[in-house]
Amino acid sequence: MSITRKPKDQLAIPSLEQLAWQDMELGMFCHFGINTFCDQEWGEGKDDPSLFNPDRLDAKQWARSAKEAGFRYLILTAKHHDGFCLWPTATTEYSVASSPWKDGRGDVVKECAEACREEGIGFGIYVSPWDRHEPCYADPKQYDDFYCRQLEELLSGYGPLVEIWFDGAGSEGREYDWPRIMDLVKRHQPSAMVFNMGAPTIRWVGNEDGVAPYPCWNTADSSRGSMFSEDTLKWLPETPDWVPAECDVPIRKDRWFWHPDEEHLLLSLDQLMEIYYRSVGHGATLLLNVAPDPRGLLPEADINRLLEFGREIDRRFGHALAESSGSGEIVELIFPRACVIDHVVVMEEIAYGERISQYVLEAYIDREWYELTRGSAIGHKKIDAFSPVTTDKVRLRVLESAANPVIKKMAVYRCGQ
Ligand code: FUL
């Protein structure tokens, strides 16, 4: 093995909050708002609040479904590009307070935050910087004030947030007052992950297909801001080197908001599993969007698919045939008895940084080591699938690493795929 040792201070390591966030692996996105009632993806900010009336809204159903499927956090679109606010903000009348829902006394953000807390999953918010309703958007200075007031309400009024999702769409070429925005985040939600803009602690993977390239290193110094520009974003100097990727994708093909009669767009279980292998299986986090309908409920078909997905992940990876941990250039896993395996899952102890950059996985068959697969990054998690083999011993052989490899978990499975 060649150990390409870099000076210690060059090996990036995650914060404790980033570690905890990466451990969650699966998050559920909920795009919900005035668009839900208008059969559209991007409202222009002109739709009448009187249209918003989710008379059976049950955020507990959202949070419960997420939890049951094994998702560990939920992110709600508190404000999408149309500017309509799901909480009764003091900053604009364009909100739930002007809607017939609960006679204007409702607060979707509050209901969702409470539901997540009850279910024991994390809660996060999406707050679009681009605002197509707010007249002062045309004046950057005034809008910065307006946006900061909105953020402050959200950051201070709904308990701990796991993540704040800053969407770059529509903001191409626009500069917001990021130092000021980051101060607010640090003051009110110092543990929250900051998505992709300002001084981010997590980054956009660069597509809306839910997949990470391989390798998908945890270190980065820039990322693209949106689907509509190839430009990379300018991050503030205090941005950490360790900025893990999050892969967002809607469960209905290319549809973030609910639309009538589109169940046929639901991704199949096979497609979702493929996404899982290429997001979580590449060491990234998956953020899967499941959109509530105009009743304020997740549609039954979407819930069924979500739960099917959760069950399939559990069926394949819920019970390892054998597992171990270790350190050094070779980590061996000896099974109690020979068995058929077709997957190996390896996790680095990333608290020490992402050290491995080349490895081989081998199985002991007929008294010889036989190569199953090889790769570069492992990081938080790498899932390797291969044709079934019968063996009683596998080993990870690290070919290249920045420092002594530390393996938190190496486990083998028979998934039967
Ligand atoms: C994009 C937005 O334009 C979409 O409407 C959606 O919110 C997606 C998650 O991000 O940039």
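Which residues does UniProt list for "domain: Glycoside hydrolase family 29 N-terminal"? The UniProt record, an unreviewed entry, gives residues 50-311. Keep in mind as you click around that this is a predicted model.

**Stop 1: the annotated span.** Select residues 50-311 and colour by secondary structure. You're looking at a span that is 28% helix and 15% strand. Put a distance label between the C-alpha atoms at its two ends, and it should read 39 Å.

**Stop 2: the ligand and its shell.** Now pick the ligand and show the residues around it as sticks. On the aromatic and histidine side, you'll find Phe-29, His-31, Trp-42, His-80, His-81, Tyr-126, Trp-165 and Trp-256 among them. The shell also includes Asp-167, Ala-169, Glu-208 and Asp-248. Sorted by residue type, the shell splits into six nonpolar, three polar and three charged residues.

**Stop 3: ligand oxygens.** Zoom in on the polar side chains. Start with His-31, where a polar side-chain atom sits 2.7 Å from an oxygen atom of the ligand. Next, click His-81: an N or O atom in its side chain is 2.9 Å from a ligand oxygen. Then go to Glu-208, whose side chain places an N or O atom 3.4 Å from an oxygen atom of the ligand. Switch on the surface here: the ligand by itself would expose 290 Å², and the protein buries 95% of that.

**Stop 4: Asn-289, by way of His-31.** Stay on His-31 and look for its other partner. The side chain of Asn-289 makes a polar contact of 2.8 Å with that of His-31, and His-31 is itself one of the residues around the ligand. Select residues 285-289 to see strand β11, which holds Asn-289. Asn-289 counts as buried because its relative accessibility is 1%, below the 20% cut-off. While you're there, find the backbone oxygen of Trp-256, 2.7 Å from a polar atom of the Asn-289 side chain. You've met Trp-256 already, in the shell around the ligand.

**Stop 5: the cysteines.** How many disulfides does a search of the whole structure find? Zero. Select Cys-38 as an example: its nearest cysteine sulfur belongs to Cys-85, 15 Å away.

Finish at Cys-148. Why is there no bond from this one? The closest cysteine sulfur, in Cys-136, is 11 Å from that of Cys-148, so the two are too far apart for a bond; the cut-off for a disulfide is 2.5 Å. Is Cys-148 buried or exposed? Cys-148 is buried, because its relative accessibility is 4%.

Note on methods: Residues are numbered from 1 along each chain as its sequence is written. This is a predicted model: local features need pLDDT of at least 70, side-chain atom pairs count only at pLDDT 80 or more; totals for chains, interfaces and linings use all residues. Side-chain values use heavy atoms; hydrogens and water are left out. A residue is near a molecule or strand if one of its heavy atoms lies within 4 Å of it. A polar contact is a pair of N or O atoms within 3.5 Å; within protein, one must be able to donate a hydrogen and the other to accept it, and residues adjacent in sequence count only if both atoms are side-chain atoms. Accessible areas come from the Shrake-Rupley method with a 1.4 Å probe; for residues, only the protein chains shown count as cover. Ala, Val, Leu, Ile, Met, Phe, Trp, Tyr, Cys and Pro count as nonpolar, Asp, Glu, Lys and Arg as charged, and the others, Gly among them, as polar. UniProt positions are given in the numbering used here, feature names are shortened, and annotations may be inferred rather than shown by experiment. Helices (H or I, at least four residues) and strands (E, at least two) are DSSP runs, numbered from the N terminus. Buried means under 20% relative accessible area, exposed over 50%, partly exposed in between (1.4 Å probe, protein chains only).
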